[in-house]
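User: Please take a close look at one helix pair in this model, and set that part within the whole for a reader who has not seen it before.

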Amino acid sequence: ATGAALSRAVPALQAKLTYAEGKSWGGEVGVATRVFTVLAAEGRIVRGRPRGSWTSGQHQWAPMVAEGQVVVDPVEARAELVHRWLAAFGPATVADVQWWTGLGVRLVRATLAAAGAVEVDIDGVAGVALADDLEVEAVSPPWAALLPALDPTTMGWKGRDWYLGEHGPALFDRNGNAGPTVWWDGRIVGGWAQRPDGEVVVRLLDDVGDEARHAIDGEVERLQRWLGGVRVMPRFPTPLQKELAGS
């Protein structure tokens, strides 16, 4: 059932919570979504497909099937989580791991040890990586990409200077949520948005050269075709995204 249907069936879910009372940014929020989030985190329910199109924010919820579930020790679960993160995002700093997991620094260090992480040097900064992931990878050809808001690559690390540069104020909102970004050869060089008619537009914040511009234009055309006129609006608009979108 959808959240709306469940709220009608269980009136208590229609309750409101007041946050930041007396503050300009405060207000009321419904309790239902937060209850569903807790139930999902506890493994009792799971969020299904969206209702309607793939851009819909209204999802159906279903009971979690108990049969076949495996109970994992919390220590093992944290170690597996960090191991998978390092496999995708490592090498990284301990601060990166702590920020991403939300764990305390002592628990992070214990979890890193359980995950088999080793200390490495990241351009003069102490970092960690998986013991079987220390080989220097071959340099890949330059590539371009248009990534959506809150993409895991954009949000993956706490320390972002090495790929974000000084573009944070334009491409992130005040709460640290990333907007749509333009990438060239492993770093963020601009942002993109959709205008009211669905047109994809970009703004480059670095002088990237003709080769990069040509590759980025190709990605714009490819994204435009893939979206097929559907307009996707970021939930957390950023300064550059709002300016490009004309909002």
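Analyst: Of the contacts (heavy atoms within 4.5 Å) in the protein between residues at least 6 apart in sequence, 51% join residues at least 24 apart. This is a predicted model, in which local features need pLDDT of at least 70 and side-chain atom pairs count only at pLDDT 80 or more, while totals for chains, interfaces and linings use all residues. Residues are numbered from 1 along each chain as its sequence is written, and side-chain values use heavy atoms, leaving out hydrogens and water.

The protein contains 10 helices and 10 strands, which are DSSP runs numbered from the N terminus (helices H or I, at least four residues; strands E, at least two). Along the principal axes, its C-alpha atoms fill a box of roughly 60 × 50 × 40 Å. Of its 247 residues, 32% are buried, that is, under 20% relative accessible area with a 1.4 Å probe, counting protein chains only.

Within this whole, the part chosen is the pair formed by helix α4 (residues 94-101) and helix α5 (residues 105-114), which pack at an angle of about 110° with their axes 10 Å apart. Axes here are lines fitted to C-alpha atoms over the stretch in contact, and angles run from 0 to 180 degrees between N-to-C directions. Helices α4 and α5 are therefore roughly perpendicular to each other, a term that covers 65 to 115 degrees. On the α4 side, Val94, Val97, Gln98 and Thr101 take part in the meeting; on the α5 side, their partners are Val105, Val108, Arg109 and Leu112.

Conventions:
Buried means under 20% relative accessible area, exposed over 50%, partly exposed in between (1.4 Å probe, protein chains only). Angles under 35 degrees count as roughly parallel, over 145 as roughly antiparallel, 65 to 115 as roughly perpendicular and the rest as oblique.
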